[in-house]
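Please walk me through this structure, stop by stop. Tell me what to select next and what is there.

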Amino acid sequence: MVYLEAQNIRKDFNIGFVKNQGALARTLSFLSGKEPTKKLIVLDGVSFKLDGGDILGIIGRNGAGKSTLIRVLSGIYPMSGGSVHKDGNIVPIVGLGYGFHDRLTMRDNILLSSSLLGQSREEIRERLDHIVEFAELGDFVNTKLFQFSDGMKHRMAFSVAIHSSPDILLLDEVFEVGDQGFRSRSSKKILELAAKGSGVILVSHELKMIEEHCRKVLWLENGKVKMIGRTGNVLKYYRDAFPS
Amino acid sequence: MKNVRRFLEQSLTLAVMNFKLRNEGSYLGIIWYLLNPLFMFLLLLLIFSRNLGDDIEHYPIYLLTGIIMTNFFIAATSESTRILRANKGTIRSINYRKESLIGSIVLVAVFSHVFELLMLGVVMVIYDVSLWGIFLYLPVILLFSLFTLGVCLVLAAVAVYFMDLDNIWSFASKLLWFATPIFYSVSGYEGLSKVIMINPLYYFIMVAREFVIYQEAPEARFVLMAIIIATISILVGIIIFRKFEKRFAEMI
């Protein structure tokens, strides 16, 4: 059974104020021991559990630590404390896509990001058509990405992620872009993956989407878990705290 | 084993993409890869063949072997001081082994080296030296690639912390170019050869020249030194890179 368990995750950033990061300046400030930094605690004591088949929603205001949590869970950032136990491969989508290269074609970008996500060449070759088809970008396979709109890039990233056979899928604000048609197909695909036993974490500002997909919601506030529990319950308090 | 395969596959994909990006819109294409070493070779040949080159057998081949090997090393290492920052986008959105990026640099260097070898082959035919030397050269370049990979791993990791390392390295590699016996020979200069001995490139180039020019087994101590240097380089490279790798995403 697929699962993900986070215990007491803590993440600090040392925010530096030194403008010059050259070799000489670094060495001098290291020797004098006077590099001014400020410790910023972005995540503090975050714990939760995700079973296969579950879709967990994460809500919170800007700067609450949602994207950092996704990056820590997927291993992009190291943790400052706590632990993550996982079973299966984690595929995240943070921000707008996978750092695609504007001067490469869509096909090349798909090959590259799928390969970095750990797929073998045969697997990628098999799935390329499905990826393109799901993103509805069949006419643009050999078009360079600088001519794509943000929405197109985003559809492509989402399509790459769900076709990379994720055991645990971490989605950071994927519904904020994309038109109605793509949204409903994505949402169907997410439910389908969950039904097959994958675990999904869904970060969103759109409470309606959270309501539709998640049974459980985690509310992050200033890096701490403000509340975790049944969706209806948590959203009720959240809406009271931040009436729109 | 599975990890090695994934490393090679990712490196290869990255190298192909890197190659595509670099040659976008360039009609001269691969000729660009040849122009630089070709001009360097002709220029140095013109200047030095009469005086420095008189004492060296098959000076043109001696010279060209030195040029293409040093070029290989300098091209790969200078790229490594920039590679992580250039791939900031993927590093901050996917958790993958960043060693593949460094592997791709060395693969690109090997690829352009193939064209330089063709050029070497032509020069060998012109000066009537047996082409067998090129086959003997292949294991040398394999060893040399491992050495270069190690150095690139260290430089790439350090460049994340020292933003101006690319400037420092481009200066250092100019010094290295003159500190390597590319167009001169150290035999007969007691003091100079002692200084040159600390230059790791020296051993690889010496071994390569023995193979290419004379098709003879080089002195065992040179071969041994080359093997030791390559091993140390790759081990130190992997250790240092892995130690810093975790922090790359938040440092760049």
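The radius of gyration used here is taken over C-alpha atoms, and the globule rule is 2.2 Å times the number of residues to the power 0.38. This is a predicted model, in which local features need pLDDT of at least 70 and side-chain atom pairs count only at pLDDT 80 or more, while totals for chains, interfaces and linings use all residues. Residues are numbered from 1 along each chain as its sequence is written, chains are lettered from A and ligands numbered from 1 in written order, and side-chain values use heavy atoms, with hydrogens and water left out.

**Stop 1: chain A**

Select chain A. Its radius of gyration is 20 Å, which agrees with the value near 18 Å for a compact globule of 244 residues. Turn the C-alpha trace along its principal axes: the spans are about 60 × 50 × 40 Å.

Colour by secondary structure. Chain A has 8 helices and 9 strands. Helices (H or I, at least four residues) and strands (E, at least two) are DSSP runs, numbered from the N terminus.

Now show the surface. About 11,600 Å² of chain A is exposed, and carbon and sulfur atoms supply 48% of that. The areas come from the Shrake-Rupley method with a 1.4 Å probe; for residues, only the protein chains shown count as cover. In chain A, 51% of the 244 residues count as buried. Buried means under 20% relative accessible area, exposed over 50%, and partly exposed in between (1.4 Å probe, protein chains only).

Next, contacts, meaning heavy atoms within 4.5 Å. Take those in chain A between residues at least 6 apart in sequence: 73% join residues at least 24 apart.

Show the charges. Lys and Arg count as positive, Asp and Glu as negative; His and the chain ends are not counted. Each charge is placed at NZ of Lys, CZ of Arg, CG of Asp or CD of Glu. Chain A has 33 positive and 28 negative charges, with mean positions 6 Å apart.

**Stop 2: helix 2 of chain A**

Select residues 66–73 of chain A. This is helix 2, and 7 of its 8 residues are buried, so the helix is largely enclosed by the rest of the structure. The buried set is Lys66(A), Thr68(A), Leu69(A), Ile70(A), Arg71(A), Val72(A) and Leu73(A). Then step on to Gly75(A), which follows helix 2 and has a positive phi, near 85°.

**Stop 3: Ser198(A)**

Where does Ser198(A) sit? Look in the loop between helix 6 (180–195) and strand 7 (199–203) of chain A. Ser198(A) is buried, at 9% relative accessible area. Leaving out residues up to four places away in sequence, Ser198(A) touches Gly52(A), Gly53(A), Asp54(A), Pro166(A), Asp167(A) and Leu193(A).

**Stop 4: chain B**

Switch to chain B. The count here is 12 helices and 0 strands. For its 252 residues, a compact globule would have a radius of gyration near 18 Å; chain B has 19 Å, which agrees. The C-alpha trace spans about 55 × 45 × 35 Å along its principal axes.

Half-and-half burial? Of the 252 residues of chain B, 50% count as buried. Chain B exposes about 12,600 Å², and carbon and sulfur atoms supply 70% of that area. The 20 positive and 17 negative side chains of chain B have centres 15 Å apart.

**Stop 5: cysteines**

Select Cys214(A): it is buried, at 6% relative accessibility. Cys152(B) is buried too, at 0%. How many disulfides are there over all chains? The search finds 0, taking a disulfide as a pair of cysteine sulfur atoms within 2.5 Å.
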